[in-house]
Amino acid sequence: MYQFNREEYEKRMEWYRDARFGMFIHWGLYSIPARGEWIRSTEEMTIEEYQKYFEEFDARDFKPREWARMAKQAGMKYMVLTAKHHDGFCLFDSKYTEYKATNTKAGRDLVKEYVEAVRAEGLKVGLYFTLLDWYHDDYPHYQDRNHPMRNHPECGNENRDFDRYIEYMHRQVEEICTNYGQLDLLWFDFSYDDMRGEKWGATRLINMVRSLQPQVIIDNRLEVSGEGMGSLAECSPTPYHGDFVSPEQIIPPNGLLDKEGRPLAWEACVTMNNHWGYCGTDHFYKPAPMLIKKLVECVSKGGNMLLNVGPDAYGNFPPRSVEILEEIGRWMKKNGDSIYGCGPAGVPKPDYGRVTRKGNTYYFHMFENTIGPVPLLGLDKSRVKKIRALADGYEIPVSDSWVHSDYPDIVFASLGPDPVLPDPTDYVLAVEMNE
Ligand code: H79
């Protein structure tokens, strides 16, 4: 029986709080029509209409080792792949369904190859598994077009046996936790209406998962809805409360604390364009500099960022995603020390950027120039040991400018007369403090 234990919790969360940056991958049959992973629902397709993608799916360019290398070079420390999304199609070889990659032209267990590749690149292995299933006869559908389980052509399957579905779902989770070696993270999606917690048999499910994978980190969506927030603050949580909060497409305005004021672990999952699954016509990508700043924002508020890639029908990353990952990687290579193992700095947010901290080192992230010397708000002047530009170790002096007489309590750094930041995205000043 799993019981929450703070010490064990903090221990299993260590790598995750250090990692700060991971890759989400949405890939499945929906990558062929390429209008997002909800297509079977939003376009109200029957299973028969959707079947053509099953016939076609061949994973011809699926090279998970390359996926993992791209994640790693971008500075990501873990990956999460959709083992099964809402359409019910399994990338893994489940013995409880025929609706799986093994029975397509791909002809093999893609999850197995993925976990091996991710491990081989030294990254932590995560799997996404949805609680919903539009394929299974015993999963309820609704007429309401505004509902997450809206209007499937099969809706009105009133004779369903939901207990049978729950057994099926549990057996598949058991397979995932048994057949792929050590898993580092499980990402369940998602609860809604009264479909949450024990409706999923959640205590039983978690007991099984924790006994098979004692170290695995689990998200909170056995309990909360698709936006990933919900009742975050419980201090004596349910067994299925989860290890981290999973805000979707939002960075919490103020970070997240539990009722006793302890920082909660959280992870903002974020798309690069406006789709999770591949969308051939969505070219509206967030620029790499913006994503770097958003990652810094997450870390400065005590969270992680899980950045999504939606590979195409064949398994290739979209070229624009590759470019963005490379650009982020170049910055991370120089500035990763201000991300990994860092958290909130406990000083005021400066106008020009944000601050992260690890131990006695404060990282002042400059997203834009200051006019005049750079105020390092919140630091005790007498404790400043040294200031360096993180990217190249360049020594930055504490300013001895006239402004000191006007602001006796503020430490200023002097970047010199150059009006342009050496890195226009985020120039990081590492400030080491004495005890
Ligand atoms: O896997 C990704 C999403 O497919 C999944 N979570 C992330 C990680 C997710 N599924 N549902 N939700 C999130 C929330 C529900 C959104 C909906 Fe809609 C609003 C369902 C119906 C209206 C978005 C817009 C999807 C279809 C139309």
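The legends below describe close-up views of a predicted model.

**View 1. The shell around the ligand.** The ligand is surrounded by 13 residues. The closest are His-26, Glu-37, His-85, Asp-189 and Phe-190. Sorted by class, this shell holds five nonpolar, four polar and four charged residues.

**View 2. Polar side-chain atoms beside ligand oxygen.** In Glu-37, a polar side-chain atom sits 2.5 Å from an oxygen atom of the ligand. For His-26, an N or O atom of the side chain is 2.6 Å from a ligand oxygen. For Trp-38, the distance from a side-chain N or O atom to an oxygen atom of the ligand is 3.2 Å.

**View 3. His-26 and its surroundings.** His-26 is found in the loop that runs between strand 1 (21–25) and helix 2 (39–42). Is His-26 buried or exposed? His-26 counts as buried because its relative accessibility is 3%, and the cut-off for buried is under 20%. Its side chain makes a polar contact of 2.9 Å with the side chain of Asn-308. An N or O atom of the His-26 side chain also lies 2.6 Å from an oxygen atom of the ligand. Leaving out residues up to four places away in sequence, His-26 touches Ser-31, Glu-37, Thr-82, His-85, Trp-276, Gly-277, Asn-308, Val-309, Gly-310 and Pro-311. Glu-37 and His-85 are among the residues closest to the ligand.

**View 4. Arg-210, a buried residue in helix 7.** Arg-210 belongs to helix 7 (residues 202–212). Its relative accessibility is 8%, so Arg-210 counts as buried. What lies 2.8 Å from a polar atom of the Arg-210 side chain? The backbone oxygen of Val-216 does. Neighbours within four places in sequence aside, Arg-210 is in contact with Tyr-2, Arg-12, Val-216, Ile-218 and Asp-243.

**View 5. Cysteines without a disulfide.** Searching the whole structure gives zero disulfides. For Cys-177, the nearest cysteine sulfur belongs to Cys-90 and is 14 Å away. A disulfide needs the two sulfur atoms within 2.5 Å, so Cys-177 is in no disulfide. Cys-177 counts as buried, with 3% relative accessibility. Cys-269 is in no disulfide either; the nearest cysteine sulfur, in Cys-298, is 10 Å away. Cys-269 also counts as buried, at 0% relative accessibility.

**View 6. Helix 8 and the glycine after it.** Helix 8 (residues 288–300) has 13 residues. From first C-alpha to last, helix 8 reaches 18 Å, close to the 18 Å expected at 1.5 Å a residue. Its buried residues are Ala-288, Leu-291, Ile-292, Leu-295, Val-296, Glu-297, Cys-298, Val-299 and Ser-300. Gly-302, just after helix 8, has a positive phi of about 85 degrees.

**View 7. Helix 9 and its packing partners.** Helix 9 (residues 319–335) has 17 residues. How far apart are its end C-alpha atoms? They are 24 Å apart, which agrees with the 24 Å span expected at 1.5 Å a residue. Buried in helix 9 are Ser-321, Ile-324, Leu-325, Ile-328, Gly-329, Trp-331, Met-332 and Asn-335. In an α-helix, residues three or four places apart point the same way because there are 3.6 residues a turn. The buried residues of helix 9 pack against two helices and four strands by name: helix 4 (64–73), helix 8, strand 1, strand 7 (303–309), strand 10 (361–366) and strand 14 (427–433).

Definitions and conventions. Residues are numbered from 1 along each chain as its sequence is written. This is a predicted model: local features need pLDDT of at least 70, side-chain atom pairs count only at pLDDT 80 or more; totals for chains, interfaces and linings use all residues. Side-chain values use heavy atoms; hydrogens and water are left out. Buried means under 20% relative accessible area, exposed over 50%, partly exposed in between (1.4 Å probe, protein chains only). A residue is near a molecule or strand if one of its heavy atoms lies within 4 Å of it. A polar contact is a pair of N or O atoms within 3.5 Å; within protein, one must be able to donate a hydrogen and the other to accept it, and residues adjacent in sequence count only if both atoms are side-chain atoms. Ala, Val, Leu, Ile, Met, Phe, Trp, Tyr, Cys and Pro count as nonpolar, Asp, Glu, Lys and Arg as charged, and the others, Gly among them, as polar. Contact means heavy atoms within 4.5 Å. The expected span of a helix is 1.5 Å times one less than its number of residues.
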